[in-house]
Structures are given as structure tokens and as C-alpha cells.
Amino acid sequence: MHPFDRAFRFVLPVGAVAVLSTVLAVGWFTQPDRFAKGYAPEQPIPFSHQLHAGTMKMQCLYCHSGAERSRSAGVPSAEVCMGCHKVTRTDRPAIQKLTQLYNAGKPILWQRVHTLPDHVFFDHRPHVNAGIACQTCHGEVQTMPVITREMGMRMANCLGCHRDPHAALPKDSKITRGPENCSACHR
Amino acid sequence: MKTQIPPSPEPPVEIPRYWRTLGEREETPEARKAAHDEFLPGAVDVADLPAPSEFSRRGFLGLMGGAAALAATVACDRKGQGTIVPYTRRPVEVIPGVANYYASARQEGRRAYSVLVKTREGRPIHITGNDEHPGFKGKTSPRTIADIMGLYDADRLRAPKAEGRPLAWAEADSRMTAALAGAKAAGKPVLLITGAVASPSRKALFADLKAALPTLEHLAWEPVRGDGAAEGARAVFGTDVEVAPRLEKAKVVLSLGADFLSGEDPEALAAFGAKRRLSEPGQATNRLWVLEGPLSITGSNADQRFPVRPSRIAAVAFALAKALQSRGLGLPAGADLSAVPAGVPQGVDIPAEAWKNLVNDLASARREALVLCGAEMSAEAHQAAHLLNAMLGSQALELRAAEPLATVKDLDAAMQGMAAGRYAAVLLWDVNPAYAFPRAQAWKDALAKVPFRAWMGLAEDETAAQCQLLLPVNHWLESWNDFGSGELFILQQPAIGALYDTRQGEDVLLAALKGLGAAVPADYHAYLKARWQKEVYPAGSPVAFERYFEVALHDGLVKDGKAAPAPVFKGATLAAAAKQALAAQGGDLELVLVPGFATHDGRYANNGWLMETPDPVTKMTWDNPLLLSVADARRLKLNDGDLATLTVDGTTLRVPVVLQPGQAKGVVTLALGYGRTTGEMAAGKGVNAFPLMALDPAAPNLRSGVQVAAAGGSKPLSRTQAHHRLDGREIVQSWSLAEYAQEARDRKKGPELVTLYPDQEFPQHKWGMVIDLAACVGCSGCMVGCQSENNVAVVGPEQVTRGREMHWIRLDSYYEGDVDNPKVVHQPMLCQHCDDAPCENVCPVNATNHSPEGLNQMVYNRCVGTRYCANNCPYKVRRFNFLEYTADKVEPESLIYNPEVTVRPRGVMEKCTFCVQRIEDGKIRAKGEDRPLQDGEITPACAVSCPSDAIVFGDLKDPNSKVSQLVKANRSFKVLEELGVKPAITYLADLKNPAIEGGQHEL
């Protein structure tokens, strides 16, 4: 076989396919929301947001009280749970586990669902105080029996809204846009 | 044949007005190159990287492939998100993510600092002064800010120990009780040595202990507090005194070797700064005269400074008293100066004209004049200084009777007692005589003869090695206490629970008291409260005591209003002192031992922040070189970094030397507190100078007849004086008041700067800063505050030698004039946040760019470490992480980090951010409360830590802000303005107020 023949018939197509498949594979593997979206790990206590926030219409801030006052919204201390569960549903195994942990003074190790890299200094306060609903980023939490990640929480998600926040903000909000400079979030 | 090129004729040497190094003064080619280069030559060397092993390209690629596959696998792991660990029971005051502030207090020597401790999730992370304190007004000292590192020191002893094995507290208590009860039964003395007692409750506890154990002997010892001061005060007042300058009332201040502007006394710095911050030439200011041997921070801020050998200071002071007497100022009863000759004393190099001006100044300012004498000076000098203040009737100082401190003589007597078997037991609490006593070996031998030796302290030190029972005590951030300073009681409360199995020192003594059968409260907290209820709580107060105490804790202080009577001056000893002062001679060379700026008496030698902060005068880090005057160094054929032997009284040390402009001829200086043998950071840094101390309490820190000789060889100096040299016109400006008057009248306008760049737009805010060089004394508080706030890495002496220190703000000191007695200007230098920043244009990945609020932002996660930006920065303020300085930090050291600021890894550029985390937080708070930002609401760490308020930060868009007003001041200038980079920092020219020829005084 002529060396050119081999090059055209074999090396070139195989090479092209290899390159293309590599690009596609890397692209698919590294696409922003591939793993982020739909992440719903099993939690130590099967807490249902659907029940608490949906059916019973508890305010998000009742438990995540840091959102207005702190950078992090915070996960409630077991004491907050026990405020009701000292008396309610004490027959359920999950509540018994909760009571046990609480009485032993042991923390509940919740699996983190929403996370940002260490170099991002997101602050809940300005967002919550501007009237942006929690669901804008965290999804329709009140319908989730198991908390599930709905948004990739990439920088594009932040900037999309900061450049044109009207989709997220209440209708009468005076805010036109969020900061886009680096040190607003990175420092 | 080679062509011989004739050497080009040397350009005539023109001495620049301001210079930083001797080489720069003479414009050597090396110095010129250093100004042009981005980093020091050593900084960019890769010689210290591990040598590449036998590793082929093929092997490398193979490994890379494997690593990539592994990374992909790991990246697929959904469990990598970690856990959230909430509180089980959240303390009501803690909101995760929000800082809490607690008022507390810290003691150093006799001084107590009222502080605010910033805690995050229960962890102290930053210290500032308490703004409720009427004197400190939110300011504190550099060592106070840095002492948070002592809490997280990895070397701390974590549980009681005896004979090298850990021990339960119960057992430690019973051993202690048995030893003390045995001593009591046998009637043998027990020796307790502590630091200065500044706490009334601790004093009461000692009294209780003395009552339960009558054979107790207590010595309060501060090795660097200056026994001369105590001896001098006892001679003329009959008691120890504390001298608190009231600089706001002083027109003329004379320092006789007193370094009162060193940063240790924030009240003095605030008052001094306030007097120097002039907005018009005619305003009232003060004049600072300094007569001293070594150049101190105070001397570097003097209006008129004359190098005087410390052995002659007392003679100078008596001659001044004589001159004032001849000007009609009455001598106090009993004082006799007939033996003192008139005029400048022999061997003192002060021109007659200057002497006349000094006497004039003092005589005309009278009650508004103040004389301060350095702690290292002799007892006679202190007597003379007290005499001068008494003659002047000075109102610019407060004298308070103080608890006596033990002198070297007392320690020596105790040592001889131990050697003679006098003591049954010794308790050593927060003191380290095995290191800091001049005859350490004799001390160790004597201590070994005491049957029971207990040690209480934070980290095992030289003394701990000599003791059987080691009791770890709480850090002050874990402790209760109170301090009384005149009319004010300051409260110390724990900002964190004890990190380890430690106890507060007072609790150890309380346990011993209980063991001896005394009825005492359960712990020191209860003891202190009971004492407060009895002694401090006003009788018949409508407020319940619990509430009263809570308010006091919240404020951190209580105003008591009971001022102690001032001690009365007696002049009987003065004639003898004058005679001695006139006869005192220092010999060919004399030595002054000064407390280390970072180490103090050695107790902070394990504190990386302090050790790496350059000494404000010498700019030395991590080491204590011998300071020589340039003339002496030339005579001895020594140069910077050369090793020399220093011999005093048969004791010889081998030290590197530094040529210090302004050092008096015939005077060498060595800092104390270095050369520790324990502590990971402290061990082996510098030499221990305590063995050179004299056992004479009149002047233990002054030695005469010192020999210095070249030892051969040299040592690279971890000294930053020559680092980051700027190249350009008028980098600093320092004016006399006459020059200021002229500048204010007709300010030279520079050429208008043209630019090709469009003007930046700042829609909302434009952050800017003004630094007043007249108020800045160079104390370096800003550097420590910034390091604490911004997680700035400590790199160690080798890295500093290479020019790789990481400080975001540095203090450049410039000398002006005569090398033997130059004027000094201190200039804080930090990122100038230029509008047309040269660093931004050259970043290939846009990691540094401009924010719409005028900040030059640095994005670490984008930075790839090309260092182009640093190369292009004319101010040399960008810092590169040449090595991995942070990744190996684990608890407890990592607990000190501010969670609002990224901890930077290797290969990343960093620099001042104007504390952007505070700006963002301030804006978010204002927005949350639906109000505009107020001026002064946002303050970066450097401005907060500046005791003299030389740094002002604010919004330049707001025409009414303080910073906008100051930018327009008639002393304002910008550094390297001719480059047209439009810096956001404006400096105000330094001012000196020298006496004017012919006796005219602008006061």
C-alpha cells in the first residue's frame, strides 16, 4: 500500500474521530451542570422540605435565620428542630434519632448540597434583603421531599442575574443590576 | 590584541536629599540597579527549589496522564461536597458568619491595654483597641495586636507535666499543696516570682496567699523594664513611680534616651499625632528634642536630635538643670547643684547655639515643657529628669506611685538564697530567669538546689526545663482579670474557653490556698467578682451588682474616679547623683541593651508576625544585629552583615553588625529578647544579650569599656531597609515649618500630566486614602494590623533575606542629610490603587483589573503567576508567593485566619486590597438598613491600627468626607506623580519644627 493511501484511508479518519470524540468526551465531562444539577445525597435524617416548607408553609427564615443577618444562611441547630419535636412525631425513628443526637450533644452531619468554591465570598444578606426569593437559586424547595440541587451555581449563574436581575427581583424593586467587578465576590 | 577601553569618567557624586541605604547615598551602581529591578536578585532565584530527580520526559507525561485520569475520577465523586455541621445548641450571641466583639484587656509589664477582641464562631481572630477607653480611643500597640498568635501557638504546653510525663490537675494540686504545707510547717521560705502585678485582684490574691503561707516571698520582675528608672524614682520620691506623658499639654518635649513614641504607648502616639497634624503653617504644634545614643523611633521623629552617649545623659540633664536655675527657675528644696559646671558638659557634642535654644525652649515653655528619661538610662539620669520636671513644674505628665518591681540585685539575692538552701519551694509564673537573668548558668545551678520547683507558663521555656512540676496556664484571651490604672479599672474577660487542659495561673494559686486550708471561692472568676462587689461596686448604687458587673464587662472598663495623690519630690540625693553623673565615662565604646521591638524581653520571640515585622528603625527582622555608628564601623573596618565579636567583662558574643545612621559615635546597641533556645520560631534567632547585662541596678542596660572586633566572615542580613527601593522624584517630602509656610504660599505646580487613557468613571464610590507623614511615627502597628486582618503569610528569615517578605503595607524610612545625625522620614507604602494602574495593563489573564469603585482588584483564582504586574509596579507593592507558605498550616495555627479573606497558595500574586472585605461588608450593612454609607464607617485594618491616626480612608466621591477634605490640604502630594498613574493615595508632607537660629521660636 502506498504510504499516502494508508494516511488517507486509515490514519486521517481514525485521527479525526479520535480528536472529535476526545473533544466531545472532555466537553461532556466538564460541562458546568453535569454533576451539580440533580445532586440529592442521602441525609442522616430524612428531613422533608416538602412537608415543612410546602405543606406546613413554614418560613424559610424560621430555620435559616442567618440569611438576613449573615453571609451564610446557616443550617439550624438541633435545638430549633427540638422546639417542636420534643412533642410532635416523637414516635418516628428519624425523630428518635434526632432526639438521641440532641441529648448526647452530638451534631447532625448534614450532607452539603449547595456549595461554592473557597474563593467565592457569596453573601446572602443583600440578596435576601433585596427581596430575591430563595427559590431563585435553590429551586422549588417546598416541593422537594429530598433536597436537590437545581442550579449549577457557576459564575455564569451569578453574572446572568447581576447583569439583568429583573427575572429574579420582585416587580416593584428599584434595583437595576448587581455588581460585576471581581472583588464583589473574590478577595 | 585587546582594545583597552578607557574607563568612563565617573559622574560627580551628588548626594540625594533622601536616601535609604549608605550605598544609595553614594549612588553606587548596585544601589542604582536595585532601584530599577523588580525584585532583589535573590528573590527570583530558583536555587532553593528541590533539584529535579532522574525523571524522563516520557515518565513525566505518563504520570501526567495517570494524574489526569485520577483527577477526572475524583471530579466525578459526588460525595466530595463535604458536610455541614451545625450547632446542637447555638449560643444565643453567635450567628455563624457574623463577628462578635468582646471587650477585654491585656497586660504587658505595668501597662494594661484595654482591647476589643473580634471573634468568629467563638474564635478570636483580630484585636483592636477599646474605643470606650478614654485614653486609648480604639488604639492599641503592635504587640497587643500580634499577641493573638500566642493563643494559637503550636508550642503551648497542653496539660500539666511532671518529670516529663503528663499529669492530672488533681495530682498536680496535691503535689503543690504538699510542698507548700511542708514549707509552712518547717517555717522555710517559699519564693514566688511573677511579672509586674498590675491587677488589684491578683494583688489581693497574693496577700491572701501570704496570709495563709507567712513564709512566702514574692518578687515581681520585668527583666527589661529598666532598674535605673526604679532606683532613680526611689531616690527622689521614696517610691517607684509610673510616668505617663500628657503630650497634649506639652509645647516642648525633651527625651533623654526615652523611646516614648515606640508604639507601646498608644495614648502618647495619639497625642503626638494630634499635635503634628497641621492644616495651616501657623497652627500650634510642639517641638521634640531628643538626646540619645542609639537612634530610636522617638529620635527618628525629633525636630532637633543630638547623638549623646548614654553615659553622659545624666551629666547633660544636670547641666540643663543648672542652666534653668540660672534662668531663674527655682530648685526644689534640698537640691544642690553647686558642683555642676555651667554649659554643655564635657564629651557631649551639642553646639553652643543649639544648647542655648534648648534651654530657651524649656525655660519659656515651663509648665508646658516635659522631660522624659529612657528606661535604659542610669538612676542618676532619672533623678535629674525628675528634677527638671519639678523645676519646670511640668503639667504635661502624670506621676503615679507604682507597685515596686524587683531589680537585678533582688534576683541576685534570691539566687544566692536558693544556692544556700534557704528556700523550700520556688514558684515561677510567667517569668524566664534561666534565659533572662544575666547569670543564667549560676541561676540554673542555684535553682537545682531547691527541693520543689514549680513552673507556670504558656509554652515550655528555658526555665521550665529546670523545674519538676510544669503547670500550663491560660492565655490572656482565655482568662479573667482586672487592671487598675489610676482612675480607671479595666476588665479582662475570656474571649474563648481554654483550648487545652490548662488553668488560669490565679486558679492554680487558689487551689493551693484551698489546700492550705483557706476559705476561698471556687475559681478566680468568683474571687474577682467577690472582690469587685466589696471594693469597686459603689455602695448604695441603685443598680444590682450583677447588672453593674455585666455593664462593666460589656464596656471593658469602669471609671472609678479615685485619683491617687502624686508622689512628692525630695531633692536630698541630687548632689551625690550629680557628682556621680559628672564622673561617669563610657570608655572607648559603650553598649546599650534595649528591649527588642518584636521580642520585648524574649516572651514574643515565638511570634512570627512580630518577628517578621521589621524593626521600625533598623528594619531588621528575625535577628538582633549589633548596631554601630558609621564612623565606628569604618574605624573597625566592619560593614553591614560582617560578623564581629562583642566583649563585655569577659563575656563574648559573635554577632553580625549593622551600620546605623544616627547612632552616636562610641555607642553600640544590641536588642534583648533574641537567642532563645526553645520555641519552634524563636530558637536560634539572633543572640541572647542578657548575659551582657550588668548586675548593678543603677544602670543594668548600660555597659562601658566594650570591645568590638571583626570576627571574620559575614552573614546575610534579613533586613528590609534596602528592599523595594523606589526610583523617581520626590518620593517623600519633609519640610521645616518655614518651608511649609513657603509651600503654602506658592506651591510649585508640576507639569500637567497628559494621558492616552480615557478617564475612569466611578459611578458610586471612589475609595481613597490620605497618609499624613507628619503624624506617622513609624511604629509599624499598621503592618501588624494588616497581617492579622488579611492572612498575610510569615515567610521566615531566609526568605526575607531574599526579599520575599509578604507584607502588604510596609514602612519605608528615608534618611536626610548627615550620616552621623540624619533626619528620618517614615513612609507607609502600600498599593496605591492607581486609576491608570500599570500592573493592570500587563496581566495576560486579566487577574488584576479596576473596579468601578477605584479599587485595583487582585483575583487570586485567576492569577497564573507571571509576575508581570510586579515588574510593572513603580511602587513595588506587589507580593508574590514564591513558595508554599500556608498549605502546611494546621490547627491550632490555622485558627487565626480571617475567614473573610482567601488564604493564598504558592504561585499567586497578592497585594493590599484596601480591606475590600470590610468595604463590601459596610456596603451590605448600609444597604440592609436602607441608608447611605457614612463617612468613617469603613476603615481598613491599617487605619484602625494606627495609634496616631495618620491614615484616613474614605470615599473621594463624597465631597464632605474627611479624606476628600484632606486631599486638598496644602501639604498633599502623590508619590511618583510624574508617572501619571493617578494613585488613589495622597500623602501629606512630613513636618519638622526645628529651633530657628537666633532664638526665634514658633511654638
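Two strands are taken to pair if DSSP finds at least two bridges between them. In this predicted model, strand S1 (residues 110-111) of chain A and strand S2(B) meet that condition, since two bridges join them and they run antiparallel. Within this pairing, Trp110(A) has Ile84(B), in S2(B), as its bridge partner.

The contact between the chains takes 39 residues from chain A and 35 residues from chain B. On the side of chain B that touches chain A, strand S2 (83-84) and helix H28 (916-928) each supply at least two residues, and H28(B) gives the most, with six residues.

Chain B itself is divided into four domains, namely domain 1 (99-151), domain 2 (227-401), domain 3 (587-714) and domain 4 (734-743 + 765-992). The centres of domain 1 and domain 4 of chain B, taken over C-alpha atoms, are separated by 23 Å, and twelve residues of domain 1 of chain B are in contact with 14 residues of domain 4 of chain B. Strand S5 (123-129), helix H4 (142-146) and helix H5 (148-151) of chain B are the elements that give two or more residues to the domain 1 side of this contact, and S5(B) provides the largest share there, four residues.

The table sets out the residue classes on two contacting sides.

| Side | Nonpolar | Polar | Charged |
|---|---|---|---|
| Chain B, touching chain A | 16 residues | 13 residues | six residues |
| Domain 1 of chain B, touching domain 4 of chain B | six residues | three residues | three residues |

Notes:
Residues numbered from 1 in each chain as written. Chains lettered and ligands numbered in written order. Predicted model: local features only at pLDDT ≥ 70, side-chain atom pairs only at ≥ 80, totals over all residues. Domains from an automatic or database assignment. Contact = placed C-beta atoms within 7 Å. Nonpolar A, V, L, I, M, F, W, Y, C, P; charged D, E, K, R; others polar.
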